[in-house]
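User: I'm new to this one and would like a slow walk through it. Could you start with a single residue and work outwards from there?

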Amino acid sequence: MPTNLQPSTFNYLWWQTAVIYQIYPRSYKDTTGNGIGDLRGVIDKLDYLSQTLGVDAIWLSPFYPSPMKDFGYDVADYCDVNPMFGTLADFDELVAEAHQRGLRIIVDWVPNHSSDQHPWFIESRSSRENPKRNWYVWADQPNNWLSVFGGSAWEWDEATGQYYLHSFLKEQPDLNWRNLEVQEAMFNTVRFWLERGVDGFRVDVAHFIMKDPKMRANPPAKEGLAFHRPHGDYDSLSHENDKGHPDTHKIYRRFRTLLDEYSQTAPRMAVGEIHIFDWDEWATYYGTPEAGLEFHLPFNFSLLKTPWEAAAVRRVVDELEAAIPDWAWPNYVLGNHDEGRVATRFGPEQARLAAMLLLTLRGTPTLYYGEEIGMSDVEIPIEQQLDPFGLRVPGWGRDRCRTPMQWSANPNAGFSPEGSATPWLPLAEDWRAINVEAQLEDPTSTLSFYRQLLAIRKENPALRQGSYAPLEGMPEGCFVYQRSEAGQTFTVALNFEPIPQRLSLNGKGRVVLSTHLDRLDKGNLQSFTLRKNEGVMIQMQNAQ
Ligand code: GLC
């Protein structure tokens, strides 16, 4: 198979220098006209992704057979494609076409739970004597564990007279990872996708898989939040026993060994969804060279929970840099299919600043589809809401960030062909103005800004893999840092406030990009003004 996947320069691995772009397949591009996106839609957009935008890897949220109770995170077959999204042949074509363009493919792996319609669970619940009974977590009595999606984490099974555990919906029973057969079967599903050529995995709620073997009750919450924002009853308990048992690490060491076995031909990676906000505990998910490595990247969600202020954001970056060992690689993310969109959280000007931050910090950035055109959250009337989380826990609805990608001013925003079924979620009201086609024509658009930002990052090793050093003595409200590598230095200066700020920087330099897209000045930086909400990247002139 012809491929453009060259080893990256400077011995950095692709997942260190790559920009990852998350696609929620239901919402990206519908080629069949059923109002739901599909894999052929992603294939159609590969040139956009690799050339027009300039990202390096795509992470596809689940496209597996599923009753869609949690929109695909309830997997009924780990080794197939849901006909709604296409076929395995479409998937193979997607991998081949992506690789030809130098794009890597990361798929979602959902180890904590399957669908209740997975044949394993159907067998497991068929009788207490079934050989797969112990593939899930059954108990005579429920303890006080709660479901992330509200209510008890235990569901009574009338037919066999026991309760089963579900950390999410009752249609998402938790697999019993203490059972070696489950481990083997699940690792086989990983092998299946590795054999098909995928470059990596995003591991769903990775830290949930191992619970306290004695199933002890959770104590009342001491302090802090279970997730990064208030989460109702779930926050009333300290989640000591229902997830993150130390044995979890054994599993991910095995997982890593498996990925490494397949990395001889092409390096594979895994990024784990880890909602832990104690840095030391979070960093344990990298593993250690002595005990064994685990995730290449445990997702760092700290920017989602931090107030959008210069000092607070700087603190997060400095804490992360201090928390990880020298050999570990950082990463950042500002949005995904579970979170409010950046443009809505911070407003359009600060959203550009956030993008400049994300794409110039040391580490691997992950973008969420639509961020590049400044897509906003869509307020969806309750009667049209579909997300079970939001319907059960007020305030946690995720439909608003999953609306169809806005490609053009054509009918259905170019997401579905003209005359199609109504898209599965309503379009944002602004789609006629905010769409890829319109923004490609406008040199001042958010898309033009992202394209330049990504191109500058790609061309300059200092930005992809250089060191990070925050600058002291900057005005309150500004976060300023430098990235350097092999004689090249960039200063990134970000004004988080809606007032101008005067900076005093050493040396000379040239502005290579402003979030306002209207300046390329150069000279002495002794007295440098950032306009309100402005971020700039300055390429420093080397002192001779
Ligand atoms: C993760 C996914 C989320 C899903 C949940 C249960 O948090 O990102 O979308 O609902 O796991 O699988």
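**A residue and its surroundings**

Analyst: Let us begin with Asn-112, which lies in the loop between strand 3 (104–109) and helix 5 (119–124). Please keep in mind that this is a predicted model.

User: Is Asn-112 buried or exposed?

Analyst: Asn-112 is buried, because its relative accessible area is 0% and the cut-off for buried is under 20%.

User: Which residues is Asn-112 in contact with, leaving aside its neighbours within four places in sequence?

Analyst: Among them are Ser-167, Phe-168, Pro-173, Asp-174, Leu-175 and Trp-177, and the list also includes Val-205, Phe-208, Ile-209 and Lys-211.

User: And how many Å apart are Asn-112 and Ile-380 in space?

Analyst: From C-alpha to C-alpha they are 30 Å apart, with their positions 268 residues apart in sequence.

User: Back to Val-205, where is its place?

Analyst: Val-205 sits in the loop between strand 7 (200–203) and helix 7 (248–261), and it is buried, with a relative accessible area of 4%. Its phi is near 25 degrees, a positive value in a residue other than glycine.

User: Why point that out?

Analyst: Most residues other than glycine have a negative phi. Ala-413 is also not a glycine and has a positive phi, of about 55 degrees. Ala-413 belongs to the loop between helix 12 (388–392) and helix 13 (436–441), and it is buried, with a relative accessible area of 0%.

User: New topic: how many disulfides does the structure hold?

Analyst: The structure holds 0 disulfides. As for individual cysteines, Cys-79 is partly exposed, with a relative accessible area of 23%, whereas Cys-478 is buried, with a value of 10%.

User: Zooming out, how many helices and strands does the protein have?

Analyst: The protein has 15 helices and 21 strands. Of its 544 residues, 62% count as buried, and among contacts with a separation of 6 or more, 68% come from residues 24 or more positions apart.

User: What is the radius of gyration, and what would a compact globule have?

Analyst: The protein has a radius of gyration of 23 Å, which agrees with the value near 24 Å that a compact globule of 544 residues would have. Taken along the principal axes, its C-alpha atoms fill a box of roughly 80 × 55 × 50 Å.

User: Last one, what about the surface and the charges?

Analyst: The accessible surface comes to about 20800 Å², and 50% of that belongs to carbon and sulfur atoms. There are 51 positive and 72 negative charges, and their mean positions are 3 Å apart.

Methods:
Residues are numbered from 1 along each chain as its sequence is written. This is a predicted model: local features need pLDDT of at least 70, side-chain atom pairs count only at pLDDT 80 or more; totals for chains, interfaces and linings use all residues. Side-chain values use heavy atoms; hydrogens and water are left out. A disulfide is a pair of cysteine sulfur atoms within 2.5 Å. Buried means under 20% relative accessible area, exposed over 50%, partly exposed in between (1.4 Å probe, protein chains only). Helices (H or I, at least four residues) and strands (E, at least two) are DSSP runs, numbered from the N terminus. The radius of gyration is taken over C-alpha atoms; the globule rule is 2.2 Å times the number of residues to the power 0.38. Contact means heavy atoms within 4.5 Å. Accessible areas come from the Shrake-Rupley method with a 1.4 Å probe; for residues, only the protein chains shown count as cover. Lys and Arg count as positive and Asp and Glu as negative; His and the chain ends are not counted. The place of a charge is taken as NZ of Lys, CZ of Arg, CG of Asp or CD of Glu.
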